[in-house]
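Colleague: I would like a close look at a single part of this model. Please keep it brisk and define your terms as you go.

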Amino acid sequence: MASNLAPIPELYVSYESAQKLKVEAGNLISHDLTPRQICDLELLMNGGFNPLKGFLTEEDYNSVVETMRTKDGALWPMPITLDVSEKFAETVEPGQDIALRDQEGVILATMTVTDKWVPNKAREAEKVFGADDSAHPAVNYLHNQAGNVYLGGPVTGIQQPVHYDFRARRDTPNELRAYFRKMGWRKIVAFQTRNPLHRAHQELTFRAAKEAQANLLIHPVVGMTKPGDVDHFTRVRCYEAVLDKYPSSTTHLSLLNLAMRMAGPREALWHAIIRKNHGLTHFIVGRDHAGPGNNSQGKDFYGPYDAQELVRQHQEEVGIEMVDFKHMVYVQEKAQYYPIDEVPENSTVLNISGTELRRRLAEGLEIPEWFSFPEVVKELRRTKPPRAKQGFTVFFTGFSGSGKSTIANALMVKLMEMGGRPVTLLDGDIVRKNLSSELGFSKEHRDLNIRRIGYVASEITKNGGIAICAPIAPYATTRRAVREDVESFGAFIEVHVATSIEECEKRDRKGLYKLAREGKIKEFTGISDPYDVPESPELRVETEGTDVDNCAHQVILKLEQMGLIAG
Ligand code: PPS
């Protein structure tokens, strides 16, 4: 199969028309696109989602959900929908044009709304993702992030979304087609990925290209991938490092701004169609392609070869040939990679799983050269230094006067004595003076106060520092939200300073309990306001009968045990 590299239709109008349309569109009702919708719109406009001409209409949507085809019969497995809030939907009627803006307010396109409907999300989840189970990232998105109303209709493209990163590595389908024409490449095999490439991937892609007598396109997704993946900035630097391991002029790297759904078989077929649109002739599909991980019962959502099966069934119609991904393993005696079914008898096979790789990175352990390229490992280590060099947050919680601030101060000094990372103390009183001076002690204000502390702590953690927080933080749900904010960047250590309310009142260091008892301070935690005792904090310290130094030392031991400070 050789590629037809003629240009593919785009949805953009000419430059002159775009300038005019942009001014006119300024008067239209406008929808601010979500990050996922921006990715979808880009591929709609540049032909990556050919033959779609806009966001799906109700009829096309139902047909795609049920049959993987538009109502005209075109093979299309993934609903591309413009979800909006009920409030916004009330302002739009079918027949109306709306402007589609990016997150800075730039108008990227207009859309003539032909359809407005409330989708059956449970049905969409079942049919497209295989189960209405929120453990699936796209089902979770569908129920908890996507708006409840869908708008459908044709799109008129004004301009591409702007990308400031890796501009030279981003290609539209027509730019790639032109590149292949220029290079005289007639057979090209695409490798889709959302992970860094190691030696096994380099071997298998090189083999796939050799077997198909084709050139190779490394076509990683840089739009949206699975939550928790290595960020695309790091990955692209890794891909660039691997590029010169291939024979020169055989391989090209291009970035695809796709928002993945992790929909396994349907996703694989969708990827194949997108690659066909980019001028590819062959497409590598692996075991568990675009797999979302485990469902809420701890089982796989899809069978390991379901994706290959579905693509194989439709490859002719799509016009792209599927290449099976060969599971490559390292054979020690031969110092070489082999497909797992070709390993010579009685030889030693070496492998490092994804989990093991993450462990070695976290603990700063050796990653052998047979497994990856030193340049790739260096990039990964730069982004994710070992735990003892990462930022983290220690979050004290407890009653007023429980000793949080005193222990937090002692901890700060001990950590500063050790050196290595900047330490910031976000004490309840300090925060209320500097960040939250306008707030009182209602539930709403306390939550806002804690979310602000959480935001600052997460930024400190992200940037490799240590944040020590010491607010009362009486509500468990708010503490959990802060934990989630921080944990996307580093460890979160909740320390419950478990001094009893009786003891705090007895100490009454600030004289506040007396005032609270007299009713002169309202909503006082533990007296006239609730406190949710942490159920499973990383550490609980008892201050009654233990001195401050010892309490701070218990935290230090915990940090050492977690690998956050060198022992
Ligand atoms: S919260 O709930 O986490 O937002 O509270 P926080 O910001 O940590 O509270 C800081 C200090 O405010 C004093 N204070 C009160 N505490 C509880 N309830 C009421 N109504 C109240 N009014 C004032 C109290 O001294 C807190 O200081 P700490 O550092 O906890 O002793």
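Colleague: In which order do the 5 strands of the open sheet stand, and is the pairing parallel or antiparallel? Please include what packs on the sheet.

Modeller: The model is predicted, so a local feature is used only at pLDDT of at least 70 and a side-chain atom pair only at pLDDT 80 or more, while totals for chains, interfaces and linings take in all residues. Numbering starts from 1 along each chain, as its sequence is written.

The order is β10-β9-β8-β11-β12, and the pairing is parallel. β10 (251–253) and β12 (321–324) are the edge strands; each has a single partner, so one side of each has no neighbour in the sheet. On average, neighbouring strands are turned by 25 degrees against each other, direction ignored. Helices and strands here are DSSP runs, numbered from the N terminus: H or I of at least four residues for a helix, E of at least two for a strand. Strands pair if DSSP finds at least two bridges between them.

Take one pair inside the sheet. β8 (residues 188–193) and β9 (residues 215–220) run parallel over 6 bridges. I188 stands opposite N215 in β9.

Now the helices. α10 lies across β8, β9 and β11 (282–285), and runs at about 155 degrees to β11. α11 also packs on the sheet: α11 touches β11 and β12, and makes about 150 degrees with the direction of β12. Axes are lines fitted to C-alpha atoms, for helices over the stretch in contact; angles are taken between N-to-C directions, from 0 to 180 degrees.

The two helices also meet each other. Two packed helices are described by the angle and the distance between their axes. For α10 (residues 264–277) and α11 (residues 306–318), the axes come within 8 Å and cross at roughly 35 degrees. This crossing is right-handed, meaning the near helix is turned clockwise from the far one by less than a right angle (anticlockwise would be left-handed).

On the α10 side, the contact uses G264, P265, A268, L269, A272, I273 and K276. They meet D306, A307, L310, V311, H314 and V318 in α11. The contact divides into 9 nonpolar, 2 polar and 2 charged residues. Contact means C-beta atoms, placed from the backbone, within 7 Å. Nonpolar covers Ala, Val, Leu, Ile, Met, Phe, Trp, Tyr, Cys and Pro; charged covers Asp, Glu, Lys and Arg; the others, Gly among them, are polar.

For contrast, look at β5 (residues 107–112). β5 pairs in the antiparallel sense with β4 (residues 97–101) over 5 bridges, and I98 stands opposite M111 in β5. β4 and β5 form a hairpin with 5 residues between them, and G105 in the turn has a positive phi of about 95 degrees. β5 also pairs antiparallel with β7 (residues 149–157), over 3 bridges. There A109 stands opposite G157. In β5, 5 of the 6 residues are buried, so the strand is largely enclosed by the rest of the structure. Buried means 20 or more other C-beta atoms within 10 Å of a residue's own, with C-beta atoms placed from the backbone; 12 or fewer is exposed, and in between is partly exposed.

Finally, the setting. The chain holds 20 helices and 20 strands. Buried residues make up 42% of its 567 residues.

Notes:
Contact = placed C-beta atoms within 7 Å.
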